[in-house]
Amino acid sequence: MSCATGTIKYSLFLFNALWAILGILVLIFGVLGWGAMPEAYAIGILVLGGIILVISMFGCCGAVRESPRMLWTYVSLLLVLLLLIVAFIILNPRDVFKKYAVQTVEDHWKLEQTKPNSMDLIQKTYQCCGLNEASDYLELKFWNSTVPSSCCKDMNCENPLNLNRRGCLSTVEEAFADEGVTISYMEWGLLGFDAVILVLAVILAIHYTNRQRRYNY
């Protein structure tokens, strides 16, 4: 094995080890995000994580066993994944997540009218209070001109300075706008990472295929 081929082989193995870790992280994200996003998207994320994990196994095995067939299968799977990532970037489903989050806030606020403390999880997570502002609770008879402890820092409303005055609707909208930028960077990073591995895999697959042909002759 030449030095260049060995370098590509072990680089591909290393990249696929990282690829496998990424697949596991995506699976964990999908599990943790279940219920916090539309079910179809949670399932899609879990499927993506599973696909990345399976692809990485093909890459590792193909590189270690020096199998042209496994490497070409790996290249085909990488191409499919590359197209899926490009489609994801073009379709831009981030607005769907944002609309879902906003709708969740509105639904929980409606539920707060009849079932107090329905907003607790949202208010703790985003450090906000009420739908549009903290004074929204003045309209709810149950709270009798007070606010739930989830509206305050450290769940302590004795100190008025602890009150989170911003409404949850605008806070969640801003949070998802910021997350959208982060996700965009992740998408392009994933695309670039996939492209680098694809080039290495094609070079290695061509090399092993040519070598196998020479041995057959």
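How much area does the protein expose, and what share of it do carbon and sulfur atoms supply? The protein exposes about 13,000 Å², and carbon and sulfur atoms supply 65% of that area. Keep in mind as you look around that this is a predicted model.

**Stop 1: the whole chain**

Start with a cartoon view of everything. You should find six helices and zero strands, so reading along the sequence gives the pattern α-α-α-α-α-α. Now colour by accessibility: of the 217 residues, 38% count as buried. If you like contact maps, take those contacts that join residues at least 6 apart in sequence; 69% of them join residues at least 24 apart.

**Stop 2: helix α1 and its nonpolar patch**

Select residues 3-32, which make up helix α1, and pick out Leu18 there. Leu18 is partly exposed, because its relative accessible area is 42%, a value between the 20% and 50% cut-offs. Next, switch on a surface and add Leu14, Ile21, Ile24, Leu25, Ile28 and Leu32 to your selection. Together with Leu18, these residues make a nonpolar surface patch of about 690 Å².

**Stop 3: the aromatic cluster**

Now hide the surface and show the rings. The structure holds three aromatic pairs. Begin with Trp109 and Tyr137: their ring centres are 5.1 Å apart and their planes meet at 85°, so this pair is edge-to-face. The two partners come from distant parts of the chain, 28 residues apart: Trp109 sits in helix α4 (residues 94-112), and Tyr137 in the loop between α5 (120-126) and α6.

Are Trp109 and Tyr137 buried or exposed? Both are buried, and Tyr137 has a relative accessible area of 1%.

Stay on Tyr137 and add Trp143. These two also form an edge-to-face pair, with 6.0 Å from centre to centre and 90° between the planes. Trp143 counts as buried because its relative accessibility is 13%, and the cut-off for buried is under 20%. Finish this stop by adding Phe142: ring pairs link Trp109, Tyr137, Phe142 and Trp143 into a cluster.

**Stop 4: Gln123 in helix α5**

From Tyr137, step across to Gln123, one of its contacts. Gln123 belongs to helix α5 and is buried, with a relative accessible area of 0%. What does a polar atom of the Gln123 side chain lie 3.1 Å from? The partner is the backbone nitrogen of Gly130.

Show the surroundings of Gln123 and leave out residues up to four places away in sequence. What remains in touch with Gln123 is Cys128, Cys129, Gly130, Tyr137, Pro148, Ser150, Cys151 and Cys168.

**Stop 5: Thr171 in helix α6**

Keep Cys128 on screen, since the last residue of the tour touches Cys128 too. Select Thr171, which is found in helix α6 (residues 168-216). Thr171 is buried, as its relative accessible area is 13%.

Draw a distance from the Thr171 side chain to the backbone oxygen of Gly167, and you should read 2.7 Å. Leaving aside neighbours within four places in sequence, Thr171 is in contact with Tyr126, Cys128 and Arg166.

For a closing view, show Gln123 and Thr171 together with Cys128: Gln123 touches Cys128, and Thr171 is in contact with Cys128 as well.

Conventions:
Residues numbered from 1 in each chain as written. Predicted model: local features only at pLDDT ≥ 70, side-chain atom pairs only at ≥ 80, totals over all residues. Heavy atoms only, no water. Patch = residues over 30% accessible without salt bridge, like charges linked within 9 Å, V, L, I, M, F, W, Y side chains within 5 Å. Areas by Shrake-Rupley, 256 points an atom, 1.4 Å probe, with all protein chains shown as cover. Salt bridge = Lys/Arg side-chain N within 4 Å of Asp/Glu carboxyl O. Helix = DSSP H or I, 4+ residues; strand = E, 2+ residues; numbered from the N terminus. Buried < 20%, exposed > 50% of the residue type's maximum accessible area, 1.4 Å probe, protein only. Polar contact = N/O pair within 3.5 Å; in protein donor to acceptor, adjacent residues only side chain to side chain. Contact = heavy atoms within 4.5 Å. Phe/Tyr/Trp six-rings, centres within 6.5 Å; stacked < 30°, edge-to-face > 60°.
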